[in-house]
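Me: I should like to learn how to read the features of a helical model, one at a time. Please begin with a single residue and work outward.

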Amino acid sequence: MGSLGGNGDFEAFVAARGPRLLRIAWLLTGDAHLAEDLLQTVLAKVWPKWDKIAHDHPEAYIRAALVNTHTSWWRRRWRGEVPHDELPELLGRRSAQDHDPYASVDLEQSLTAVVRALPARQRAVVVLRYFEDLSVEETAATLGCTPGTVKSQSAKALRTLRTLLPSSAVEEGGDCYARA
């Protein structure tokens, strides 16, 4: 992008904060290509407004835009069928002797997979609270909800994560949320 008006600040901001913003986008989407598309879409929306938002807290504004844009994309996506390696009725018939294809997956990959399995609102709360280390109030402001909603969504998400994470991963990693 060329530097028009005061938008040289925008280029410097993107150069400095781009990798962190891309990480947020990747944590929301779970896909590197979708994350790049999400960040590019949000930056394209923000660029014309840069002079207005640059003096406030532009990173918070862009984080909120990432969450909101991802949520609108997620709502539009059709989720009628989800492909699986095996037919669901065969999954229950596996014997204990069968090889577990996910046994070698490390803690980080396991955590990423279960975070992607969370509903969009809970995933946004987990990403902002535990990966971005925002306070309850900052997360609430970013998501446009009350701190109580952040706390309840966070509790539900953590309960789900504890049930979905393999017990061996939790034992190996200890406090797996601090690691991310």
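**Reading a predicted helical model**

Reply: Leaving aside residues up to four places away in sequence, Leu27 touches Arg123, Val127 and Phe131. Please keep in mind throughout that this is a predicted model.

Me: Where is Leu27 placed, and is Leu27 buried or exposed?

Reply: Leu27 belongs to helix H1. A residue is called buried when its relative accessible area is under 20%. Leu27 has a relative accessibility of 8%, so it counts as buried. A further relation along the chain concerns Thr112: Leu27 and Thr112 are 85 residues apart in sequence, and their C-alpha atoms are 7.6 Å apart in space.

Me: How is the packing of two helices described?

Reply: Two packed helices are characterised by the angle between their axes and by the distance between those axes. Here, helix H1 (residues 8-29) and helix H7 (residues 120-131) have axes that come within 9 Å and cross at roughly 140 degrees. The crossing of H1 and H7 is right-handed. On the H1 side the contact is made by Arg23, Ile24, Leu27 and Leu28, and on the H7 side by Arg123, Ala124, Val127 and Phe131.

Me: How do the residues of the contact of H1 with H7 divide into nonpolar, polar and charged?

Reply: The division is 6 nonpolar, no polar and 2 charged.

Me: What span should H7 have at 1.5 Å a residue, and how far apart are its end C-alpha atoms?

Reply: The expected span of a helix is 1.5 Å times one less than its number of residues. For the 12 residues of H7 this gives 16 Å, and the end C-alpha atoms are 15 Å apart, which agrees.

Me: How many residues of H7 are buried?

Reply: H7 is mostly covered, with 9 of its 12 residues buried. Among them are Gln122, Arg123, Ala124, Val127 and Phe131.

Me: What follows H7, and what is notable about its phi?

Reply: The general idea is that most residues other than glycine have a negative phi. H7 is followed by Asp133, which has a positive phi of about 55 degrees although it is not a glycine. Asp133 lies in the loop between H7 and helix H8 (136-143). Exposed means a relative accessible area over 50%; at 64%, Asp133 is therefore exposed.

Me: Let us turn to helix H2. Which residues of H2 are buried?

Reply: In H2, the buried residues are Ala35, Leu38, Leu39, Val42, Leu43 and Val46. They cover an arc of only 125 degrees around the axis, so they lie on the same side of H2. On the other side of H2, His33 and Gln40 are exposed. As to length, the 15 residues of H2 (residues 32-46) should span 21 Å at 1.5 Å a residue, and the end C-alpha atoms are 21 Å apart, which agrees.

Me: What does Leu39 touch, not counting residues up to four places away in sequence?

Reply: With that exclusion, Leu39 touches Gly18, Leu21, Leu22, Ala25 and Leu66. Leu39 is in helix H2, and its relative accessible area of 9% makes it buried. The C-alpha atoms of Leu39 and Trp26 are separated by 9.1 Å, and the two residues are 13 residues apart along the chain.

Me: Can the reading of H2 be repeated for H9: which residues of H9 are buried?

Reply: The buried residues in H9 include Val150, Gln153, Ser154, Ala157, Leu158 and Leu161. Their arc of only 135 degrees around the axis puts them on the same side of H9. The face turned away from that buried side carries Lys151, Arg159, Arg162 and Thr163, which are exposed. H9 has 18 residues and reaches 25 Å from its first C-alpha to its last, close to the 26 Å expected at 1.5 Å a residue.

Me: Is Leu158 buried or exposed?

Reply: Leu158, in helix H9 (residues 147-164), has 12% relative accessibility and so counts as buried. Its C-alpha atom is separated by 9.6 Å from that of Val115, 43 residues apart along the chain.

Me: Finally, how many helices and strands does the chain have?

Reply: The chain has 11 helices and 0 strands. Buried residues make up 36% of its 180 residues. Of the contacts in the chain with a separation of 6 or more, 62% come from residues 24 or more positions apart.

Terms used: Residues numbered from 1 in each chain as written. Predicted model: local features only at pLDDT ≥ 70, side-chain atom pairs only at ≥ 80, totals over all residues. Heavy atoms only, no water. Helix = DSSP H or I, 4+ residues; strand = E, 2+ residues; numbered from the N terminus. Buried < 20%, exposed > 50% of the residue type's maximum accessible area, 1.4 Å probe, protein only. Axes fitted to C-alpha atoms, helices over the stretch in contact; angles between N-to-C directions. Left-handed = near helix turned anticlockwise from the far one by under 90°. Contact = heavy atoms within 4.5 Å. Nonpolar A, V, L, I, M, F, W, Y, C, P; charged D, E, K, R; others polar. Arc of directions from axis to C-beta.
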